[in-house]
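This report describes salt bridges and strand pairing in one structure. The sequence and the model are shown first.

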Amino acid sequence: MKPVYVLNGPNLNLLGLREPAIYGTATLADVEALCKSHAEALGLGLVFRQSNSEGELVGWIHEAREKASGIAINAGAYTHTSVALHDALKAADLPAVEVHLSNVHKREAFRHTSLIAPAVTGVICGFGPQSYVLALSALHSFITANKKG
Ligand code: CA2
């Protein structure tokens, strides 16, 4: 089976180093290790990446179209602004989960809108690093049932 791509957007490289009250103390490397061990338990291959560049994220979604069985994406602030990520996810036509560490609906109003939500299968937010684990489980269910949603 093709691997699942877990893509991370801008500033997520700072995880665990700043704003622990909002995002916790786990680093992105910790989140990657958690994803790797859960993916292994599910029998899924994993590609885990982070970029601060919208264009690079678009490129990775295009790559996933050919090389991945599903996508979990924490697009960071691009969630709320990016038509380009929306269009790329639509075109990828894969099971996809929008992931957030924080519960964006409890936060500033500008975080309540997601431009990518209409282009993915579902959204998971508010569970810290466990949001990624839940996203991988959801993708696994969809992929094994051969559904896109
Ligand atoms: O809750 C999430 O996962 C977010 O995607 C995180 C984004 C934010 O813009 C979204 O509204 C919700 C921000 C990621 C930046 O992470 C930082 C981590 C430590 C210090 C500063 C930023």
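## Basis for exposure classes

A residue is called buried when its relative accessible area is under 20%, exposed when it is over 50%, and partly exposed in between. E108, at 37% relative accessibility, therefore counts as partly exposed. The model discussed here is predicted.

## The network around E108

E108 forms a salt bridge with R111, and the closest N and O atoms of this pair are 2.7 Å apart. Salt bridges with shared partners connect R107, E108 and R111 in one network. Within this network, R111 is buried, with a relative accessible area of 17%, whereas E108 is partly exposed.

## Other salt bridges

The count of salt bridges comes to five. Among them is the pair E32 and K36, whose closest N and O atoms lie 3.3 Å apart. Both residues belong to helix α2 (residues 28-42); because they are four residues apart there, about one helical turn separates them. E32 is partly exposed at a relative accessible area of 24%, and K36 is likewise partly exposed, at 45%.

A further salt bridge joins the side chains of E66 and R65, with an N to O distance of 3.9 Å. Here E66 counts as exposed at 53% relative accessibility, while R65 is partly exposed at 46%.

## Strand β4 and its burial

Strand β4 covers residues 96-100, and five of its five residues are buried. A96, E98 and H100 point one way from the strand, and V97 and V99 point the other way. In a regular strand, side chains alternate between the two faces of the sheet. In β4, both sets of residues are buried.

## Neighbours of β4

β4 pairs with strand β3 (residues 70-74) in the parallel sense, over three bridges. One residue pairing between these strands links A72 to its bridge partner V97 in β4. The chain passes from β3 through helix α4 (residues 83-92) to β4, and this β-α-β crossover is right-handed.

β4 also pairs in the parallel sense with strand β5 (residues 122-125), in this case over four bridges. The bridge partner of V97 in β5 is G122. V97 is thus a bridge partner of A72 and of G122, and V97 is buried.

Conventions: Residues are numbered from 1 along each chain as its sequence is written. This is a predicted model: local features need pLDDT of at least 70, side-chain atom pairs count only at pLDDT 80 or more; totals for chains, interfaces and linings use all residues. Side-chain values use heavy atoms; hydrogens and water are left out. A salt bridge is a side-chain nitrogen of Lys or Arg within 4 Å of a carboxyl oxygen of Asp or Glu. Helices (H or I, at least four residues) and strands (E, at least two) are DSSP runs, numbered from the N terminus. Buried means under 20% relative accessible area, exposed over 50%, partly exposed in between (1.4 Å probe, protein chains only). Two strands pair if DSSP finds at least two bridges between them. A crossover is right-handed if, with the strands pointing away from the viewer, the path from the first strand over the helix to the second runs clockwise.
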